[in-house]
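Morning, everyone. Please have the model up on your screens while I talk. I'll go from the whole chain down to single residues.

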Amino acid sequence: MFPPSCKGWGVLVYPSIPLRTSLEFTERVYNLTQDNPPEPVEGLHYFEAFFIILVAVDEHSLNKKTRRSPPLPKKMLGIIKQNVSLKPLSYLHVGGKTRHFFTAKSIKEVFNVLDFWFSQKRLKNKRILILGGGTNVLFSDKVFNGLVLKIDINFIKVVGKDVIFSGAGTSMVKLLNFCLKNKFAGLEWTARLPGTLGGAVRGNAGCFGGEIKDSVIGVASLDFINGNFYFRLRNNRDCDFGYRSSIFKKITERQNFSVILWILLKMSKKNDISSEKSIAESNFAYRLKKQPIKSPTLGSTFKNIPVQKVPKEVLKEFSHKIKEDPFPILPVALLLNGANLKGVGIGGAKFSEKHPNFIVNIGKARASDVKKLISLAKRRVKSKFGISLEEEIEIIK
Ligand SMILES: Cc1cc2nc3c(=O)[nH]c(=O)nc-3n(C[C@H](O)[C@H](O)[C@H](O)COP(=O)(O)OP(=O)(O)OC[C@H]3O[C@@H](n4cnc5c(N)ncnc54)[C@H](O)[C@@H]3O)c2cc1C
């Protein structure tokens, strides 16, 4: 899986490291970085660079204010918040409460909270939901009887001529601003894409012909699989990216999950970034004009339809509307429009008039209102066009 040239990196050449080892390993990383933060080495294979960074750098060494790693908390339960409202954590402002909530600002905090959680008999079988910016999740109206773990590992670091190393909690808006300011091209398509880099990697976010997979070199994650934790490093191929999909999404079942921690991105260094700036500006202007991005929403409710899944007669009707984004698709908004769903509402939620694939919260929407709209759209589109819609948003049960 890893290039042979990385053999010298001891524990890091193993793709999977159990949690305990990972904890000890990060302890060593912290000790190393506090006194002696090494410089990234130029001209190395990306993976070698990634390994060196994983050994040598952590987010605490990137931020002088938090350079000293926090002590291991003795009573995590005092730190994990209880009975927290999920509404402000969702872009749609919908949801009940979560029994437990924790914001992890570093990889170490992720390890600590999960280590604590799984050491507690009464907690360890309860559910865990990883949260980024909350721009794509529909929480239930009911109580989430488990832990919502918000990933706020938030840093951006240039490592080498055209490589950026960033925490999963970094906001995409902040990342693009950083890139444009430092003359790195490649992420212009993300202009005003809400949410975090971790969320974008997990769902292989994309628009305007771009996808995050095109920039990812490698991803570090903590995977919980069949009762064991593994600290994993994956290259782009191992991330198994697909249309709004990745290995991180595929791993997640009721008992298994993957926490994306760090991402290494390949950029393109420019002398003049003005054309990329104007592309980003025009993408943003397009969003403002065509999408209700100022309303509480989760973006596209349904995935667009790959043309091979569209019945022939429907394809004929919409042949002039097929888009390459990133491969030939029929925009689902056309089907919703054709099924007269524009502006249709239930309770406090409705299909936006501006863009029918966006459900907006027009008042006190409940998750049940949104789910009813989703069912209605699925029924109408199936009966009118013979096409089964698939949700792009994550529905939390
Ligand atoms: C106005 C608007 C416009 C949008 N436009 C687009 C668009 O053009 N293209 C597009 O692809 N999407 C779009 N979206 C959807 C959304 O912005 C993206 O899917 C975004 O990448 C989600 O990131 P997030 O951090 O908010 O993830 P969240 O909503 O917090 O989570 C989404 C999923 O990712 C998981 N997750 C989040 N962080 C991590 C992590 N660190 N490790 C593991 N799992 C994690 C969560 O468990 C959840 O299953 C839009 C949304 C809105 C509100």
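Start with contacts across the chain. Take those with a separation of 6 or more: 65% of them join residues 24 or more positions apart. Remember that this is a predicted model. The chain has 397 residues, and 42% of them count as buried. In secondary structure, we have twelve helices and 23 strands.

Now the sheets. One is an open sheet of four strands, in the order E2-E3-E6-E4, and its pairing is mixed. Which strands sit at the edges? Strand E2, residues 81-85, and E4, each of which pairs on one side only. From one strand to the next, the twist averages 40°. Look at the E2 end. Four bridges join E2 to strand E3, residues 97-104, and the two run antiparallel. Within that pairing, serine 85 stands opposite lysine 97 of E3. A helix packs here too. Helix H5, residues 107-119, lies across E3 and strand E6, the latter covering 144-151. The angle between H5 and E3 is about 140°.

Next, a smaller item further along. Three strands form an open sheet in the order E17-E19-E18, with antiparallel pairing. Its edge strands are E17, at 305-306, and E18, at 323-324; each pairs on one side only. E17 is joined to strand E19, residues 328-330, by two bridges, and these strands run antiparallel. Pick out proline 306: its bridge partner in E19 is isoleucine 329. A reminder in general terms: strands of a sheet pair through backbone hydrogen bonds, parallel or antiparallel.

Now a hairpin. E12 and E13 form it, with two residues between them. Asparagine 226 is in the turn, and it has a positive phi of about 45°. How many bridges join E12 to E13? Eight, between antiparallel strands, with E13 spanning residues 228-235. One pair to find on screen: glycine 218 stands opposite asparagine 235 in E13.

Just before that hairpin, let's stop at one residue. Isoleucine 212 is in the loop between strand E11, residues 210-211, and strand E12, residues 216-225. Buried or exposed? Buried, because isoleucine 212 has 25 C-beta neighbours inside 10 Å, and the cut-off for buried is 20 or more. What does isoleucine 212 touch, leaving aside neighbours within four places in sequence? Its contacts are Ala200, Val201, Asn204, Ala205 and Gly206. Compare arginine 202. Isoleucine 212 and arginine 202 are ten residues apart in sequence, and their C-alpha atoms are 9.5 Å apart in space.

Last stop, the ligand. It is surrounded by 34 residues. The closest are Gly132, Gly195, Gly198, Gly199 and Gly299. Which elements give two or more residues to this shell? Strand E4 (127-131), helix H7 (197-202), strand E10 (206-207), strand E14 (257-266) and strand E16 (297-300). H7 supplies the largest share, four residues. By class, the shell has 17 nonpolar, 15 polar and two charged residues. Both domains take part: domain 1, residues 1-290, and domain 2, residues 294-395, each give at least three residues to the shell.

One link back before questions. E4 is an edge strand of the four-stranded sheet, and E4 also gives residues to the shell around the ligand. That's my tour.

Definitions and conventions. Residues numbered from 1 in each chain as written. Predicted model: local features only at pLDDT ≥ 70, side-chain atom pairs only at ≥ 80, totals over all residues. Pairing = 2+ DSSP bridges. Near = placed C-beta within 6 Å. Nonpolar A, V, L, I, M, F, W, Y, C, P; charged D, E, K, R; others polar. Domains from an automatic or database assignment. Axes fitted to C-alpha atoms, helices over the stretch in contact; angles between N-to-C directions. Contact = placed C-beta atoms within 7 Å. Buried ≥ 20, exposed ≤ 12 C-beta atoms within 10 Å, placed from the backbone.
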